[in-house]
Amino acid sequence: MPAKAPRLPKYSLHKGSGQAYVTHGGKRHYLGVHGSEESIERYQRFVGELVAAPSTTKAKHASPSINEISVAEVLLAYGTHAEAYYQKNGTATGQLAIVKAALRPVRILYGRAPASDFGPTALKAVRQWMIEDHKRPSKKKKRPKAPLCRNEVNRRVRIIKGCFKWAVSEELIPISIYQALTTVDGLRKGRTEAPDHAAVGAVEDSVVDATLPYLPEIVGSMIRFQRLTGARPGEVCCLRPIDVDRSEEVWVYTPSSHKTEHHDRTRTIFIGPKAQAILTPFLLRPAESYCFSPDEAVRRQREKRHEARTTPMSCGNRPGNNRVRKPKRKPRDRYRKDAYGNVVRRAIQKANLDREKAGLEPLPRWTPNMLRHSAATEIRKQFDLEAVQSILGHASMNTSEIYAEKNMDLARSVALRIG
């Protein structure tokens, strides 16, 4: 368990000078004009360092010299670099948002400080800020913030280190600053307040089958296709007829965009007879259009509701007369990964409502990415780990180990023989 947090000094006013100060260790540390953003930032920095390293904390309140670069300037330069670097097909990738979120507490706590003051203790203070951020009230979100898990905190700390490493390569700061930051180890399991989330695993086929009736027809086809091929959710979403080579018995799907293309890797997905039967109806469209379209899913859903209509056409709404003329959001030409997952999440909620009425156990929460783990586990059970690596397109077998669960039945049979 983490050590008990030290008693935090108060943000106080020195009436004679109008300065803000804190008292710690029998000494008074002045922070600047009381109520100013600079004094509040210095107070938050002092408290953060006190929590992170109570035995070694030293107040650092000196303003940066004219010729010394500040932390804010380092962050600004790296932010400009990141916006240009984390691009794919002219669109910012999700990594850019993660980078901005990781650097935000650095800017809040140490923006005005000189870069030379950002050392291991400062990094620990920023890390503690991340761990406790969910306790702070948010003006934008009404729902309470979820705490960051240990792995996510460690990932954001690595991003901060990467920011200062880049600054060294651009000769903005001396290498000693980055070298000092590398001495900060990652959070260890059971030795921090940050929670540990359960690892992503496989989802049982019975759970998927129980969810399918509550999914739109097109999304159901996406689910079954992904389960058979082991493709990533994003690879299923961007599938087009032009990307599928049907010249041989086993079709070959080469995505136009995939997760590891920036590493100059080629992604190949093999489509067998069962997956071909699912995909064939969606190939009868223009070659460069997407196979799985939300717009088409909405149209099919409306047609299905119209076929089940019992109200005479002379009464109630007629098809098309109750549509918003200029809707704020229109169905896109293809599913995005988040939208794909949201459709599955809502289907599970609907299924659990019916199961609750029937007195059945609720379905566990699962996501499309878990189908990739299910495919990997089945392939490993029937073949071997090398087959998993080939089908899932992993660069190393260690990554395949993460996706494919071990064959526990085989372990039991071995234990029965030799034990």
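Hi everyone, let's start with the chain as a whole: it has 16 helices and 8 strands, where helices (H or I, at least four residues) and strands (E, at least two) are DSSP runs numbered from the N terminus. Please keep in mind that this is a predicted model, in which local features need pLDDT of at least 70, side-chain atom pairs count only at pLDDT 80 or more, and totals for chains, interfaces and linings use all residues. Residues are numbered from 1 along each chain as its sequence is written, and side-chain values use heavy atoms, leaving out hydrogens and water.

Of the 419 residues in the chain, 38% are buried; buried means under 20% relative accessible area, exposed over 50%, and partly exposed in between, with a 1.4 Å probe and protein chains only. Taking contacts (heavy atoms within 4.5 Å) between residues at least 6 apart in sequence, 61% join residues at least 24 apart.

Now to helix 1, residues 37-52. How far apart are its end C-alpha atoms? They are 22 Å apart, which agrees with the 22 Å that 16 residues should span at 1.5 Å a residue; the expected span is 1.5 Å times one less than the number of residues. Its buried residues include Tyr 43, Phe 46, Val 47 and Leu 50, but also Glu 41, Arg 42 and Arg 45. Among the elements covering the buried residues of helix 1 are strand 2 (19-24), strand 3 (27-33), helix 3 (94-110) and helix 4 (120-132).

Next, the interior. The largest nonpolar core has 40 residues, and those with the most contacts inside it include Val 74, Tyr 110, Phe 118 and Phe 164. By nonpolar core I mean a set of buried Ala, Val, Leu, Ile, Met, Phe, Trp, Tyr and Cys residues joined through side-chain atoms within 4.5 Å. Helices 2, 3, 4, 5 and 6 each supply at least two residues of this core, and helix 5 gives the largest share, 9 residues. Beyond its neighbours within four places in sequence, Phe 164 is in contact with Val 71, Val 74, Phe 118, Ile 173, Ile 177, Tyr 178 and Leu 181. Apart from this core lies another, of 38 residues, among them Cys 237, Trp 251, Phe 292 and Met 370.

Two single residues to finish. Is Arg 150, in helix 5 (residues 150-169), buried or exposed? Arg 150 is buried, at 13% relative accessible area, and among the residues it touches are Leu 187, Thr 192, Pro 195 and Asp 196.

Pro 286 sits in the loop between helix 10 (273-279) and helix 11 (294-307), and counts as exposed because its relative accessibility is 58%. Its C-alpha atom is 7.5 Å from that of Pro 241, 45 residues apart along the chain.
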